[in-house]
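Good morning, colleagues. Please take a moment with the sequence and the model before I begin.

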Amino acid sequence: MMIGLDFGSTTSRAMIASAYLERNPITERMELGKPELIYRSDAILTPFEEGELCTEAINNCLEQWLAESGIDCDQLFSGGVIITGLAAEKQNALAIA
């Protein structure tokens with residue numbers, strides 16, 4: 001399972017997908033195959049507090065998204081985060097990533 005997180009100027013959301021790790025028969029490189037979307041959260045307002053991203057609210061969102069998806073964090077193999085717009089300009093954006 002993989003998780004993708006998007007924190008923007010206005011909204012944030014999460015997506016969880018599964019895929020197989022397989023060898024491409026032509027290039028012989030390892031790649032992800034047969035991706036399947038498992039969960040897509042509703043968009044929420046990006047949580048800001050005192051001009052910064054609110055880490056407590058973001059942690060609560062992550063817990064809620066994982067609970068809604070039925071996925072345990074131990075099942076996650078990889079993940080990524082994208083932080084855009086005003087959210088990316090905050091001092092704690094790197095810590096959130």
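The side chains of S12 and T46 make a polar contact, at 2.7 Å. I start from this pair, in what is a predicted model. S12 belongs to strand 2, which covers residues 11-23.

Is S12 buried or exposed? The relative accessibility of S12 is 1%, and the cut-off for a buried residue is under 20%, so S12 counts as buried. What surrounds S12, once neighbours within four places in sequence are set aside? Its contacts are D6 and F7, then D42, A43, I44, T46 and P47, and finally W65. T46 therefore appears twice in this account, as a contact of S12 and as its partner in the side-chain polar contact.

Let me move along strand 2. I16 has Y39, in strand 3, as its bridge partner. That bridge belongs to the pairing of strand 2 with strand 3, which is antiparallel and has eight bridges.

S18 is also placed in strand 2. With a relative accessible area of 19%, S18 is buried, because the cut-off is under 20%. Not counting residues up to four places away in sequence, S18 touches M1 and M2, and also K34, P35, E36 and I38.

K34, one of those contacts of S18, deserves a remark of its own. K34 is located in strand 3, and its phi is positive, near 55°, although K34 is a residue other than glycine. K34 has a relative accessible area of 62% and is therefore exposed.

L21 comes next, again in strand 2. At 54% relative accessibility, L21 counts as exposed. Together with M30 and L32, L21 forms a nonpolar patch on the surface. The accessible area of these three residues together is about 310 Å².

As a general point, side chains in a regular strand alternate between the two faces of the sheet.

R23 is likewise in strand 2, and its relative accessible area of 52% makes it exposed. Which residues does R23 contact, leaving aside those within four places in sequence? They are E28, R29 and M30. For E28 there is a further detail: its backbone oxygen lies 2.8 Å from a polar atom of the R23 side chain. M30, for its part, is also a member of the nonpolar patch with L21 and L32.

This brings us to the hairpin. Where does E28 lie? E28 is in the loop between strand 2 and strand 3, the latter comprising residues 30-40. The hairpin of these two strands has six residues between the strands, and E28 takes a positive phi there, near 65°. E28 is not a glycine. With a relative accessible area of 53%, E28 is exposed.

I turn now to F77. F77 is found in the loop between helix 1, residues 55-69, and strand 7, residues 78-83. Its relative accessible area is 67%, so F77 is exposed. How far apart are F77 and W65 in space? The C-alpha to C-alpha distance is 16 Å, for a separation of twelve residues in sequence. W65 was named earlier, as one of the contacts of S12. F77 can also be set against R23: these two residues are 54 residues apart along the chain, and their C-alpha atoms are separated by 17 Å.

Finally, the chain as a whole. What secondary structure does it contain? There are three helices and seven strands, and along the sequence they follow the pattern β-β-β-β-β-β-α-β-α-α. The C-alpha trace spans about 50 × 30 × 20 Å along its principal axes.

Of the 97 residues in the chain, 29% are buried; S12 and S18 are two that I have described as such. The chain exposes about 6600 Å², of which carbon and sulfur atoms supply 51%. As for contacts between residues at least 6 apart in sequence, 58% of them join residues at least 24 apart.

To close, I return to strand 2. Along this strand we have met S12, which is buried and has a side-chain polar contact with T46. We have also met R23, which is exposed and has a side-chain polar atom 2.8 Å from the backbone oxygen of E28. I welcome your questions.

Methods. Residues numbered from 1 in each chain as written. Predicted model: local features only at pLDDT ≥ 70, side-chain atom pairs only at ≥ 80, totals over all residues. Heavy atoms only, no water. Helix = DSSP H or I, 4+ residues; strand = E, 2+ residues; numbered from the N terminus. Buried < 20%, exposed > 50% of the residue type's maximum accessible area, 1.4 Å probe, protein only. Polar contact = N/O pair within 3.5 Å; in protein donor to acceptor, adjacent residues only side chain to side chain. Contact = heavy atoms within 4.5 Å. Pairing = 2+ DSSP bridges. Patch = residues over 30% accessible without salt bridge, like charges linked within 9 Å, V, L, I, M, F, W, Y side chains within 5 Å. Areas by Shrake-Rupley, 256 points an atom, 1.4 Å probe, with all protein chains shown as cover. Salt bridge = Lys/Arg side-chain N within 4 Å of Asp/Glu carboxyl O.
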